[in-house]
Amino acid sequence: MANFSYIQLIDNLDVLVKLSISLYTKYSQMMTSNDEIIRLYTAQRNVVARMDVKERLRLLKALQLTVLQHQKEIEIALHKDLRKHPTEVLITEIFPLINELKHTRKHLKSWAKAKPVANDLVNVGSKASLVYDPKGQCLIISPWNYPFQ
């Protein structure tokens, strides 16, 4: 298990955004960037899985700020690779991502709460609940023509 602090994780969010920006410039760089992204996520999987809701909210906010800080670089990269106009990048890439981050931050506390469930006859008198346990890693598949979102 890798020993990463939350500060290192936030710093690596910036690295991941920068890698995503450069992901589509050259095929050889794309392979290196993908390998680097996988390495970063795998190394920090256990840290992410152990985070409480407060830390997750802080990281989502940090990701949102990082995307906004690198907005021009994202626009330039997508124009260079896919000939997307900066306005199209804002409408189809950046705004949807920012909206999803805001939505997740707004609802994360309620999603993470334990939900009470009914007991069977064997467990009468006790309480049962469904607890959502983060695994720390997921696969996200997106269309090629919306590479940043």
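**Buried faces and crossing helices**

Analyst: Glu 55, Leu 57, Leu 59, Leu 60, Ala 62, Gln 64, Thr 66 and Val 67 are the buried residues of helix 3. Please keep in mind that this is a predicted model.

User: Thanks! What is the setting, and how many helices and strands does the protein have?

Analyst: The protein has five helices and two strands, and from the N terminus the order is α-α-α-α-α-β-β. Of its 149 residues, 28% are buried.

User: How do you know what span the residues of helix 3 should have?

Analyst: The expected span is 1.5 Å times one less than the number of residues. For the 17 residues of helix 3 (residues 53-69) that gives 24 Å, and the end C-alpha atoms are 24 Å apart, so the two values agree. Helix 4 (residues 71-82) can be checked in the same way: its 12 residues reach 16 Å from first C-alpha to last, close to the expected 16 Å.

User: What makes you say where the buried residues of helix 4 lie, seen down its axis?

Analyst: The buried residues there are Gln 71, Ile 74, Glu 75, Ala 77 and Leu 78. Seen down the axis of helix 4, they fall within an arc of 165 degrees, so they line one face. Lys 72, Ile 76 and Lys 80 are exposed on the other side. The general background is that an α-helix has 3.6 residues a turn, so residues three or four places apart point the same way.

User: Why is Ile 94 called buried or exposed?

Analyst: Buried means under 20% relative accessible area. Ile 94 has 0%, so it counts as buried. Ile 94 belongs to helix 5. Beyond its neighbours within four places in sequence, Ile 94 is in contact with Val 67, Gln 71, Ile 74 and Val 89.

User: And what makes the arrangement of helix 4 and helix 5 parallel, antiparallel or perpendicular?

Analyst: Helix 4 and helix 5 (residues 86-112) pack at about 110 degrees, with their axes 9 Å apart. Angles from 65 to 115 degrees count as roughly perpendicular, so helix 4 is roughly perpendicular to helix 5. Gln 71, Ile 74, Glu 75 and Leu 78 in helix 4 meet Pro 86, Val 89, Leu 90, Glu 93 and Ile 94 in helix 5. By class, this contact has six nonpolar, one polar and two charged residues.

User: How do you know whether helix 3 is parallel or antiparallel to helix 5?

Analyst: The axes of helix 3 and helix 5 cross at roughly 170 degrees and come within 10 Å. An angle over 145 degrees counts as roughly antiparallel, so that is the label for helix 3 and helix 5. Among the residues of helix 3 in this contact are Leu 57, Leu 60 and Val 67, and those of helix 5 include Ile 94, Leu 101 and Leu 108. The contact divides into 12 nonpolar, two polar and five charged residues.

User: Which residue sits just after helix 4, and what makes its phi stand out?

Analyst: That is Arg 83, in the loop between helix 4 and helix 5. The phi of Arg 83 is near 60 degrees, a positive value in a residue other than glycine. Most residues other than glycine have a negative phi.

User: Why is Arg 83 called buried or exposed?

Analyst: Exposed means over 50% relative accessible area. Arg 83 has 61%, so it is exposed.

Note on methods:
Residues are numbered from 1 along each chain as its sequence is written. This is a predicted model: local features need pLDDT of at least 70, side-chain atom pairs count only at pLDDT 80 or more; totals for chains, interfaces and linings use all residues. Side-chain values use heavy atoms; hydrogens and water are left out. Helices (H or I, at least four residues) and strands (E, at least two) are DSSP runs, numbered from the N terminus. Buried means under 20% relative accessible area, exposed over 50%, partly exposed in between (1.4 Å probe, protein chains only). The arc is that of the directions from the helix axis to the C-beta atoms. Axes are lines fitted to C-alpha atoms, for helices over the stretch in contact, and angles run from 0 to 180 degrees between N-to-C directions. Angles under 35 degrees count as roughly parallel, over 145 as roughly antiparallel, 65 to 115 as roughly perpendicular and the rest as oblique. Contact means heavy atoms within 4.5 Å. Ala, Val, Leu, Ile, Met, Phe, Trp, Tyr, Cys and Pro count as nonpolar, Asp, Glu, Lys and Arg as charged, and the others, Gly among them, as polar.
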